[in-house]
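Trainee: Could you walk me through the terms used for this structure, setting each value against its definition?
Mentor: Gladly, let's look at it together.

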Amino acid sequence: MEFAEFAEHAAGIEAEPADLEVVSLVADLFAEADADLGVVARFVQGRVFPAYSERTLDVGPSLCHEAIARAAGPNVEAADVEARLAEEGDIGRVAASYDTGGQRGLGAFGATDGAPGPTVREVYDELAGLAAAEGAGSQDEKVATLFGLLSRCDGDAEARYLARLVLSEMRIGVGEGTVRDAIAEAFDVDVAAVARALQVSNDYGLVAETAREEGAAGLAGIHLEVGRPVQAMLAQAGSVADAIEAWETVAVETKFDGARVQLHHDPDGRTEVFSRNMEEVTAALPEVVEFAERHLDAPAILDGEVVAVAEDGSPLPFQEVLRRFRRKHDVERMREEVAVELRAFDCLHADGADLLDAPLTERHDALAALLAGTDAVSELLLSDDADDIEAFEADALEAGHEGVMLKDPESTYTPGKRGKQWLKRKPDVETLDLVVTGAEWGEGRRASLLGTFLLSARTEDGYETIGKVATGISDDELADLTDLVEPHVVREDGQTLEVDPQVVFEVGYEEIQRSPTYSSGYALRFPRFLAVRDDKTPESADSLERVERLVESQ
Ligand code: AMP
């Protein structure tokens with residue numbers, strides 16, 4: 001296909017306001033693309049290489065402006081191009097406003113006056129060569145390549161879309177969904193089959209060509225490949241109550257405060273690590289590679305987080321990981337300063353078997369089998385009991401993690417989707433400052449400490465109970481809180497203590513429910529201790545009236 005023909009199609013698509021029509025126009029383009037279908041399926045989205053590919057053009061605006069100026073003629077400088085850009089706001093229109101093709105024959109790549117414009121394949125090959133240019137002189141080489149291409153662009157549309165393509169600013173209203181639908185329409189295959197093949201490959205060119213050549217059966221044969229990253233499955237915010245209601249049994253995991261990674265291990269080849277955006281970060285994380293090489297003896301694709309850890313193995317804040325992630329220089333020196341470790345929570349592929357369609361519990365079993373005997377596998381609690389989930393969360397928080405993830409144990413792995421199958425526990429809503437009016441002694445190693453605190457809201461003539469808090473408190477804090485509350489104990493009845501209202505706690509919670517359990521008529525769901533409000537007297541703590549207003553607004 002001539003690049004001019006592609007550009008005419010792009011102009012038609014850009015001019016079309018109706019989404020459905022856009023899909024049909026893109027389908028027409030695909031149907032005419034012949035041997036260039038793979039490239040066209042990417043160009044139309046403003047991409048030169050597949051999304052998972054490491055290759056980038058690395059062409060910045062100034063380099064592009066320089067090439068346009070050169071192609072525009074001897075009297076045009078990059079500054080003129082920039083001045084026009086400031087007026088027009090679109091590099092495509094600026095490129096098209098010059099007679100770039102008028103320079104044909106002036107040293108352009110093999111072009112002579114009257115030579116035809118470039119084909120789609122030639123544009124791709126030239127850009128692939130440009131992406132490979134490195135080192136001293138590569139900037140000049142890139143300008144020369146672009147100049148060569150622009151000089152062969154005779155029509156306005158060719159220059160317009162070439163300039164936009166190299167700056168990844170196609171802006172013709174064609175997103176991934178449009179391309180997916182257009183592949184289905186052009187080659188008469190099911191959209192779901194196209195979507196599925198795209199999920200596992202992230203390669204629009206491959207999927208378009210397979211749909212055309214082999215139809216649905218061919219699409220079904222596209223599998224995960226070790227070394228080719230897929231998009232990460234994402235989470236929504238949700239509460240423990242939502243999770244129990246939706247699935248009954250909830251898979252609960254620690255939410256690690258690190259950076260997302262996808263580990264691809266091939267025992268006969270390379271180990272590669274990709275970021276959440278499928279960017280390769282292998283070189284920055286040698287510990288993860290060494291870990292995989294030591295413990296994995298089958299091909300695998302794992303999903304997880306890298307966390308920074310202190311010498312005793314406890315997690316360090318997220319900022320520490322950032323000092324290591326994507327680092328290209330001084331990796332060994334930084335490794336001395338900040339150690340990182342893998343925490344794996346999912347397994348997409350194990351020893352030849354794709355597991356995307358297997359339920360979470362099965363994928364987790366596969367993960368545990370692959371990494372048996374290591375600390376890298378996230379613990380998975382299966383529970384239908386809110387108290388157990390709360391206790392798991394308390395442990396995770398106490399160990400310094402970010403919180404918990406709640407997952408549907410039956411759910412499949414859906415790359416790139418922010419679905420309801422993975423919930424990150426909702427952050428607390430507005431906090432309440434409540435008065436401690438009772439307490440209970442702890443159990444086991446905490447028997448000499450107070451473990452649970454009864455909380456009350458202020459009313460006109462006293463205090464009404466609203467919940468108990470035992471979550472979110474470390475051992476050290478518990479000792480301090482015991483010292484603080486114990487002097488105010490007025491009655492003791494076995495484990496249970498009555499406390500004079502003197503101390504105010506700030507607490508978080510998921511929601512407030514009407515409940516007969518407490519004298520206020522309300523109960524906090526998942527209360528968590530946040531802080532002692534020693535700046536507040538019990539008289540200035542939150543009133544039952546404020547609680548009622550919060551219930552109304554929930
Ligand atoms: P957020 O970044 O707030 O949208 O939370 C979702 C992110 O939490 C995921 O993309 C992961 O990077 C991270 N995460 C930490 N631990 C887990 C886990 N056990 N399961 C899934 N995601 C996790």
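What follows is a short talk about the ligand site and one pair of helices.

Mentor: A word on the basis: this is a predicted model, where local features need pLDDT of at least 70, side-chain atom pairs count only at pLDDT 80 or more, and totals for chains, interfaces and linings use all residues. Residues are numbered from 1 along each chain as its sequence is written, and side-chain values use heavy atoms, with hydrogens and water left out.

Trainee: What makes the pair between Lys424 and the ligand a polar contact?
Mentor: A polar contact is a pair of N or O atoms within 3.5 Å; within protein, one must be able to donate a hydrogen and the other to accept it, and residues adjacent in sequence count only if both atoms are side-chain atoms. A polar side-chain atom of Lys424 is 2.5 Å from a ligand oxygen atom, so the pair meets the cut-off. For Lys255, a polar side-chain atom lies 3.3 Å from an oxygen atom of the ligand, and a polar backbone atom of Phe256 is 3.0 Å from a ligand nitrogen atom.

Trainee: Why is α2 called oblique to α10?
Mentor: Helix α2 (residues 19–32) and helix α10 (residues 176–187) pack at about 60°, with axes 8 Å apart. Angles under 35 degrees count as roughly parallel, over 145 as roughly antiparallel, 65 to 115 as roughly perpendicular and the rest as oblique. Therefore α2 is oblique to α10.

Trainee: Which hand does the crossing of α2 and α10 have?
Mentor: The crossing is right-handed, meaning that the near helix is turned clockwise from the far one by less than a right angle.

Definitions and conventions
Axes are lines fitted to C-alpha atoms, for helices over the stretch in contact, and angles run from 0 to 180 degrees between N-to-C directions. Helices (H or I, at least four residues) and strands (E, at least two) are DSSP runs, numbered from the N terminus.
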